[in-house]
Every structure is written in structure tokens, then in C-alpha cells.
Amino acid sequence: MNPSGTSGYEPHPLLHTRVRDIPSRTEGELTAVTREHHRGGVRRIAHIRPAGGVEFATSAENIEPAPGPAPPPPGEPR
């Protein structure tokens, strides 16, 4: 577990890179990793923004680097 700053955000080696949420197979940019207190413990939460989609959260243990080139930003030709 990486130390977090006073803001609750954790520096993560995959931050601002393309990642995959393993359970859903959804890919997107890792925008933040935060910590939440839950049932007496602390959980690390990964925030992922898919291309052209709505940001979602998953357990930080569920992410891995996404293979292949990054998709173009929405509205740009492939």
C-alpha cells in the first residue's frame, strides 16, 4: 500500500495511464486512487474514466495496465 497524502489521494504508479478493470474488462484512464474507511478497515479505490464515458470506481487491487495503444480522444478520427 502506498502512503497517502493529507488529501487522501494516493500516488500510484499507473496514475494517468490506461488501465483495465479486471472484473468488468472496462478500460480507461486511472484518474485517482483514494482511500475510504469501510467496516472498520481502509479500502483503496481506483477511479477510472473510460474514453467518452462516465468515471467509475473499483477496488485498486482490480486494475492492471491495459495492453495496446491508447484510444484517440472522443471526436478525433482513429
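**Note on a five-stranded predicted model**

1. Strands S2 and S3 run antiparallel and are joined by nine bridges. The model is a predicted one. S2 covers residues 26–38, and S3 covers 41–49. At the turn end of this pair, His 38 of S2 has Gly 41 of S3 as its bridge partner, and His 37 is bridged to Val 42. Two residues lie between the strands in this hairpin, where Arg 39 takes a positive phi near 50°.

2. The second hairpin to look at is that of S1 and S2. S1, residues 18–21, is antiparallel to S2, and four bridges join the two. Here four residues lie between the strands, and Arg 25 has a positive phi near 65°. Asp 21 is bridged to Thr 26 in S2.

3. Asp 21 also has a partner in S5, namely Ile 63. Strand S5 spans residues 63–65 and pairs with S1 through three bridges, again in the antiparallel sense. Asp 21 thus has a bridge partner in S2, Thr 26, and another in S5, Ile 63.

4. The pairings add up to an open sheet of five strands, antiparallel, in the order S4-S3-S2-S1-S5. S4 (56–59) and S5 are at the edges; each has a single partner strand, so one side of each is without a neighbour in the sheet. On average, neighbouring strands of this sheet are turned by 45° against each other, with direction ignored.

5. On the chain as a whole, the secondary structure consists of five strands and zero helices. Read from the N terminus, the elements are β-β-β-β-β. Of contacts between residues at least 6 apart in sequence, 36% join residues at least 24 apart.

6. Which residues make up the largest nonpolar core? There are eight: Leu 14, Val 19, Leu 30, Val 33, Ala 46, Ile 48, Ala 60 and Ile 63. S2 and S3 are the elements that give two or more residues to this core. As a general point, side chains in a regular strand alternate between the two faces of the sheet.

7. Val 33, one of the core residues, merits a separate look. Neighbours within four places in sequence aside, Val 33 is in contact with Gly 8, Tyr 9, Glu 10, His 12, Ile 45, Ala 46, His 47 and Ala 60. Ala 46 and Ala 60 are also members of the core. Ile 63 belongs to the core as well, in addition to being the S5 bridge partner of Asp 21.

8. Finally, burial and surface. The chain has 78 residues, of which 28% are buried. Its accessible surface comes to about 5,300 Å², and carbon and sulfur atoms account for 53% of that area.

Methods:
Residues numbered from 1 in each chain as written. Predicted model: local features only at pLDDT ≥ 70, side-chain atom pairs only at ≥ 80, totals over all residues. Heavy atoms only, no water. Pairing = 2+ DSSP bridges. Core = buried A, V, L, I, M, F, W, Y, C linked by side-chain atoms within 4.5 Å. Buried < 20%, exposed > 50% of the residue type's maximum accessible area, 1.4 Å probe, protein only. Contact = heavy atoms within 4.5 Å. Axes fitted to C-alpha atoms, helices over the stretch in contact; angles between N-to-C directions. Areas by Shrake-Rupley, 256 points an atom, 1.4 Å probe, with all protein chains shown as cover.
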